[in-house]
Amino acid sequence: MFKPLEMSKVIIIGSTKLLDQTIETLHDLNVLHISDFREESDPYFKIGKPLEKASYTSEKLLKLRSISNYLGISEVPVEKRLKVEELARELDKRLTEIDSKVSELLERRNKIDSELKDLAAKEAEIEPFAVLPLEFQLYRGYANIAVYTGLVRVDIEPKVQEITKEYELFSGSFEGQRMIALFVPKQFETQIAEVLVGAGFQEIPVPEYEGLPEKLLNECRQKGEALLAEKTKIEEDIVKFKEQYATFILASEEYLSIETQKAEAPLRFATTANSFIIDGWVPTEKFELLQSSIQKATDGRVYVQKLEIHEKAHEEHTPEVPADIPVEYKNPKPAKPLQLICDLFSRPTYEEIDPTGIIFITYPLLFGIILGDIAYGAMILVMGAFIKLKSKEEWLQYLGTIGIYAGVFSIIMGMVYAEIFGPNFDPITSHGAIHVGGFVWHAIIDRAEGEGIKMLLGVTILVGVVHLIIGLFAGFRNEIKHHGLKKALLEKLSWVVLLIGGVLAAMRAVPAMIEKHPMPTSDSVFLAGGVIAIVGVIMIILGEGGMGLVHIPGIMSNCLSYTRLCAVGLSSVFIAYATNMMAIDMCIKAHPGDIVFLILGLFTFISMHALNALLGILAPGLHALRLHYVEFFTKFYKGGGKKYSPFGYIRKYTEE
Amino acid sequence: MVEGIVALSAAIAVGATGFASGIAEMNIGAAAIGAMAEKEELFGKGLILTVIPETIVIFGLVVAILLLFT
């Protein structure tokens, strides 16, 4: 459980005539992680050529993917899997069918879209003239009359009358401004122009249409509605088409992807004119299966050999383990979900300890210490179970399980703190105890009052020290493998010694500081702690040189960082405290029987506790995570391992 | 009077160091996210480098505790 899945290096050699069967078998088995061959590394070999069907399948795949994109096809639940032979036969014919139908539909839709745009532009041109009672042709074609159409800010009639009595002025209100059409004899052009400029004239040119503007506008609108109706019908057609063909398209996509994968596989192998060599990794437990399947498929004419790399590692202290062994986790089922947390940081390398087994306990524990409320814990448990039941994807299921674990530990710590919906949920919890029926349960650490907080502060630092010591022991074990016992001792165990000494000394020194007594230099625990700490410091200097001293404040900072377990938790405690005080004491208790206050109180209670619960998922989750990544992992974890991705495919929509 | 000043200094200790820690982690965090956008594996290193300045605020906390309790 603390080591990743054991891998063996495998080499497969055969004649190029057998390449097809080999690839088929490997793909079906889905166990070999292929090490891609790099041409630069070897002068005799070249990468292989793709199989002939590669161009055909990748072309079809491209077309299929673009169709799938246009239609916006996403995952559908699988009712029936399609058979591969069926697909292979029908693919060509159906694909051209689908392609032409889809492009037709899309073309019509695009045409309608552009027509609608034109109509909108036309409407915008006509609209200003709709407030004037003239037909369009009456604005044009005059020899002696000047026509002005546009918007003005003030009434120009008096000014125009000053210039001439021979004019026609039509006006109307358009979008809050005054729209005018002014007709005057041409000789007054310049004077009129002055008047118009003074009135803030904005010209609107007369469009080249005929007939009454209002009538034209109605025509446009009717046409627009007809086009929109047509467009909705086309979109419905597209949706129906999508539903009809979705499964087929997804299944064909899967089929073609698999075929393309198989056809392009030779690009990853080393080949000569007549032979191929496949380099890869397979889990040791699956090697027999791999060997026998290939022997069967090729009548024993392909050579499969396992290369042991582990024996060498045990003999020397510097293992010649190549850097890119693919890593797959090997954890018992309950601990599997926590692999998400480990992967989020990075995959362990092959020689490292796999910390999932440790995180399995410590992450929910730290989460619970921060949240520590029975009601919120129960809510998180229920939510986790719900997500786990309802989701199809693996990572969501893992997330749900982590939620369940976190909820369980929150409930346990809620019992320790005696908090349900906060520490003063009358009449169930108050004064550090839970009263249910006649049963009374006292809190072990009461978070709502001073003494309890001080105790919690000390407890959290102790929890932190234990967590760090676990991490350092893991680092110790990693270092033994790499650099030998002595170095591991001096580099990692020295810190453990320092931590233990420091804790012992602090246990006596801190209360003395708080109560303003002098340092208890005669106390045996303090002296023992001091001596152990000094031994630790000497070991650190021996192990890391002078730089080790510089890291001592670092470890102190790491320990104190764990006080956030207390601090973040307290924030949620006091939000709940205030909510309960407002909702219960101030609303319900102070005005018994009054329905308005009852509703007000209930509303406050539900909304604030919902908010607090939401914060109670984000904050503890984040802080527990950060404590793991920054304080815990830096003591031993390097990460950067390569993910195990075997050559193969997990079929969803097709079957052989 | 003395208690008031002690409380105020504890507050300043935590507040100013918090501010300093925030300023310190500001650019490192932005750079870490940028690096991560290009290469997911850098998440671990990025996160650790971003929170290295946290020790500043821890020291502030220690000073505040010392002030309040001694």
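Here are some exercises with worked solutions on a predicted model with chains A and B.

**Exercise 1. Overall form of chain A**

Work out how the radius of gyration of chain A stands against that of a compact globule of 656 residues.

*Solution.* Start with the reference value: a compact globule of 656 residues would have a radius of gyration near 26 Å. Next, take the value for chain A, which is 39 Å. Then turn to the box filled by the C-alpha atoms of chain A, roughly 120 × 90 × 55 Å along the principal axes. For the secondary structure, count 18 helices and 17 strands in chain A. Finally, look at burial and contacts: 45% of the 656 residues count as buried, and residues 24 or more positions apart supply 80% of the contacts with a separation of 6 or more.

**Exercise 2. Surface and charge of chain A**

Find what share of the exposed area of chain A comes from carbon and sulfur atoms, and how many positive and negative side chains the chain has.

*Solution.* Begin with the area: chain A exposes about 34,400 Å², and carbon and sulfur atoms supply 62% of it. Now for the charges: there are 67 positive and 83 negative side chains in chain A. As a last step, locate the centres of these two sets, which lie 5 Å apart.

**Exercise 3. The four-stranded sheet**

Put the strands of the open four-stranded sheet of chain A in order, and name its edge strands.

*Solution.* The order is S6-S7-S5-S8 in chain A, with antiparallel pairing. The edge strands are S6 and strand S8 (202-203), each of which pairs on one side only.

Now follow the pairings of S7(A). With strand S5 (residues 145-152), S7(A) pairs in the antiparallel sense over eight bridges. Within this pair, A:Thr149 has A:Ala181 as its bridge partner in S7(A), while A:Val152 stands opposite A:Arg178. With strand S6 (residues 168-174), S7(A) also runs antiparallel, and seven bridges join the two. Here A:Arg178 of S7(A) turns up once again, this time as the bridge partner of A:Ser173.

To finish, check the hairpin of S6(A) and S7(A): two residues lie between the strands, and A:Glu175 takes a positive phi near 55°.

**Exercise 4. Burial of strand S7**

Explain why strand S7 (residues 177-185) of chain A can be called largely enclosed by the rest of the structure.

*Solution.* First, recall the cut-off: a residue is buried when its relative accessible area is under 20%. Then apply it to the strand: seven of the nine residues of S7(A) are buried, so S7(A) is largely enclosed by the rest of the structure.

**Exercise 5. The three-stranded sheet**

Which strands of chain A form the edges of the open sheet S13-S14-S15?

*Solution.* This open sheet has three strands in the order S13-S14-S15, with antiparallel pairing. Its edge strands are strand S13 (429-430) and strand S15 (439-442), each pairing on one side only. Going one level down, two bridges join S13(A) to strand S14 (residues 433-436), and these strands run antiparallel. A:Thr429 has A:Ile434 in S14(A) as its bridge partner.

**Exercise 6. Two residues, two settings**

Decide whether A:Ser68 and A:Lys306 are buried or partly exposed, and list their contacts beyond four places in sequence.

*Solution.* Take A:Ser68 to begin with. A:Ser68 is found in helix H2 (residues 53-71) of chain A. With a relative accessible area of 9%, A:Ser68 is buried. Leaving out residues up to four places away in sequence, A:Ser68 touches A:Ile73, A:Ile249 and A:Glu253.

Then move to A:Lys306, which lies in strand S11 (residues 303-307) of chain A. A:Lys306 has 25% relative accessibility and so counts as partly exposed. With the same sequence neighbours left out, A:Lys306 touches A:Ser8, A:Lys9, A:Thr284 and A:Phe287. For a link along the chain, note that A:Lys306 and A:Ile12 are 294 residues apart, with their C-alpha atoms separated by 8.9 Å.

**Exercise 7. Chain B**

Describe the secondary structure pattern of chain B and its extent along the principal axes.

*Solution.* Chain B has three helices and zero strands, and along the sequence the pattern reads α-α-α. Its C-alpha trace spans about 55 × 15 × 10 Å along the principal axes. A compact globule of 70 residues would have a radius of gyration near 11 Å, whereas chain B has 16 Å. Of its 70 residues, 24% count as buried. The accessible surface comes to about 4,400 Å², with 78% belonging to carbon and sulfur atoms.

Terms used. Residues numbered from 1 in each chain as written. Chains lettered and ligands numbered in written order. Heavy atoms only, no water. Buried < 20%, exposed > 50% of the residue type's maximum accessible area, 1.4 Å probe, protein only. Pairing = 2+ DSSP bridges. Contact = heavy atoms within 4.5 Å. Rg over C-alpha atoms; globule rule 2.2 N^0.38 Å. Areas by Shrake-Rupley, 256 points an atom, 1.4 Å probe, with all protein chains shown as cover. Lys, Arg positive; Asp, Glu negative; His and termini not counted. Charge placed at Lys NZ, Arg CZ, Asp CG, Glu CD.
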